[in-house]
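Visitor: I'm new to this, so could you give me a close look at one part: how the strands pair up? Please start with what counts as a pair, then work outwards from there.

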Amino acid sequence: MRITELFEKGEFVLTAEVGPPKGVEIDHLIKDAHEFLKTRVHALNVTDNQSSVMRTGSLATCKVLKDEGLLPIFQITCRDRNRIALQSDVLSAALLGIENLLLLTGDYTTLGDHPQAKPVFDLDSVSLIHAVKCLEGGFDLAGNAVDGKPPKFAKGAVVSPCSDSVDVQLAKMEAKVKAGCEYFQTQGVFEPDKFMEFMEKAKQFGVPVQLGLIIPKNVGMCRYMNANVAGVHVPDDMIKELQADKERTKSGDVGVEICARLIRECKDYAQGVHIMSLGWENRIPEILDMAGIAPIAK
Amino acid sequence: MLITQLKSKETIESLAEGKIVIINCHGCKEVYFAEHQADELQKELSASKEVTKIITTDYICNPDNLKLQLKKHMDVINAADTILVFSCGVGIQTVADQFQEKRVYSCCDTYQLPGFQGVTALNVDCGQCGECYLNGTGGICPITACSKSLINGQCGGAKEGKCEVDKDMECGWERIYRKLEKMNKLDNMKYDVPKVRNFGISKEK
């Protein structure tokens, strides 16, 4: 199933991010997905060598999750593959029955664990969306016909509503929509006001947007994100909230409460929620319960 | 060694809006300049458009030299709507930087030929991609000013205007956006078919 069908039906679309392991031991990921995510989110994003750290591939992991009866979203970045490999992987996804894509430019190589690697960036997020759209129309990026029935995907992309250059982000968002993007997931939001302001401007594009959430695990993580992670800013009040009761922060309860509150505050402005739990998948059901979001009827 | 090749007459004509000042950069031993063809084209342009001045000088890639050379022409430059530059990619970027609010357009594509490359400016670089993007980006090169050489806009990696790759480097696309804003040319970022690079013609190192 394509998740665009859910948006079309007016569903509040819930997704969560999972990261393939560095290695081929995937049992733990599958177990967590069944235990905490299967009845709580519609689909699972599978990251593509997240943060430029080499891991097992997104496509293979998507196939494993699909075989487990889960709905995967294949994340593809332009960092490691040229247009030949990217289009080939998109066709491979269709062959494996994977119909949901999230198309990204990707972090730079030097941010990861192979800083010596050659950065590719032959295409970027916008031209990658365009390439997928071309394949859906029966032709590749070079204009050559693709044999047989063309594939059809839900084509997603990302945007940073709390970026300090939000106008530049909106211009890029518009380019993505024009290229054929059908849904957006946002970078982690900690500032509801900024998100609402952004959505007021973004609604003109008529494309559904899922509120992106990162569970704030501790003060150090928040300070790190404020200094280093683009488009993410944890306000001082929220940092104070995490400092107030060290035990409850350590146990994760404060982070869970913050996420639930962000959902409640932003819900009316978003068409869904995307949770990047960074290993805390087990806390996702609690966040959704607290936010008043019931398990999914399947 | 760099080779500059004139863009098509149609392209150059489409760039020539309002009062036009033309700047030619001759004299650099490391850049081949299509002097004769440029001269012919500029004559034709003068007949059909409002060309208020043709300036031929050298080493416009050096900002101090550029300022010095243009000093006596500043009245006519200030009154111009468009500056058409016939030079390598470095020269165009230097002129565009000097005149923040002007429409500075490149009339050449720059290629690289193997061999010794000459004096280049310190602040800007030309990627010699063979399909110059500067006319759509306010004279700031997306190939060399963006770490990922993106041509369809900013990635999500800029924080407080700085690049995710190097915190001492300004985000090239944020610079481009601000420059287009000043030029009242933000529509340059709106196009129906995304740009895709042609690495088949690029001589990029």
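Guide: Let's start with the rule: two strands count as paired if DSSP finds at least two bridges between them. Keep in mind that this is a predicted model. The model scores ipTM 0.86 and pTM 0.86, and chain B averages a pLDDT of 90, with 92% of its residues scoring at least 70.

Now try the rule in chain B. Strand E5 (residues 82–86) of chain B and E6(B) share four bridges and run parallel. The rule asks for at least two, so they count as a pair. If you want to find one of the matches, look at Ile83(B): its bridge partner in E6(B) is Val104(B). As background, strands of a sheet pair through backbone hydrogen bonds, either parallel or antiparallel.

Step back a little and you'll see that this pair belongs to an open sheet of four strands in chain B, in the order E4-E2-E5-E6, with parallel pairing. What stands at the edges? Strand E4 (51–58) and strand E6 (103–106) of chain B do, and each has a single partner strand, so one side of each has no neighbour in the sheet. Neighbouring strands here are turned by 20° against each other on average, ignoring direction.

Chain A gives you something to set beside that open sheet. Eight of its strands form a closed barrel, running E1-E2-E3-E4-E5-E6-E7-E8 with parallel pairing. In this sheet, neighbouring strands are turned by 25° against each other on average, again ignoring direction.

How does the barrel close up? Follow E1(A) and you'll see. Four bridges join E1(A) to strand E8 (residues 272–276) of chain A, and the two run parallel. One contact to look for there is Leu14(A), whose bridge partner in E8(A) is Val273(A). Four bridges also join E1(A) to strand E2 (residues 43–46) of chain A, again in parallel, and here Glu17(A) stands opposite Asn45(A).

Is strand E1(A) enclosed or open to the outside? Six of the six residues of strand E1 (residues 13–18) of chain A are buried, so the strand is largely enclosed by the rest of the structure. It helps to know that in a regular strand the side chains alternate between the two faces of the sheet. For E1(A), both faces are covered: Val13(A), Thr15(A) and Glu17(A) are buried on one side, and Leu14(A), Ala16(A) and Val18(A) are buried on the other.

Go further round the barrel and you reach strand E4 (residues 100–104) of chain A, which pairs with strand E5 (residues 154–159) of chain A in the parallel sense over three bridges. In that pair, Leu101(A) stands opposite Lys155(A). A helix sits against this part: H5(A) packs on the sheet and touches strand E3 (72–77), E4 and E5 of chain A, its direction making about 145° with that of E4(A).

H5(A) also takes us to where the two chains meet. The contact takes 29 residues from chain A and 28 residues from chain B. On chain A's side, the elements that give two or more residues are helix H5 (125–136) and helix H6 (166–179). Which of the elements gives the largest share? H6(A) does, with eight residues. Sorted by class, chain A's side has 13 nonpolar, nine polar and seven charged residues.

Now look across at chain B. In helix H7 (residues 172–182) of chain B, the buried residues are Gly172(B), Trp173(B), Glu174(B), Ile176(B), Tyr177(B) and Lys179(B). They pack against H6 of chain A together with helix H6 (142–145) of chain B. After H7(B) comes Asn184(B), which has a positive phi, near 60°.

One last helix, back in chain A, shows how burial can pick out a side. In helix H9 (residues 236–244) of chain A, Met238(A), Glu241(A) and Leu242(A) are buried. Seen down the axis of H9(A), these buried residues fall within an arc of 95°, so they line one face of the helix. They pack against helix H8 (219–228), helix H10 (246–250) and helix H11 (253–266) of chain A. On the other side of H9(A), you'll find Asp236(A), Asp237(A), Lys240(A) and Ala244(A) exposed.

How values were computed:
Residues are numbered from 1 along each chain as its sequence is written. Chains are lettered from A and ligands numbered from 1 in the order in which they are written. This is a predicted model: local features need pLDDT of at least 70, side-chain atom pairs count only at pLDDT 80 or more; totals for chains, interfaces and linings use all residues. pLDDT is the predictor's confidence in each residue, from 0 to 100. Two residues are in contact if their C-beta atoms, placed from the backbone, lie within 7 Å. Ala, Val, Leu, Ile, Met, Phe, Trp, Tyr, Cys and Pro count as nonpolar, Asp, Glu, Lys and Arg as charged, and the others, Gly among them, as polar. Axes are lines fitted to C-alpha atoms, for helices over the stretch in contact, and angles run from 0 to 180 degrees between N-to-C directions. A residue is buried if 20 or more other C-beta atoms lie within 10 Å of its own, exposed if 12 or fewer, and partly exposed in between; C-beta atoms are placed from the backbone. The arc is that of the directions from the helix axis to the C-beta atoms.
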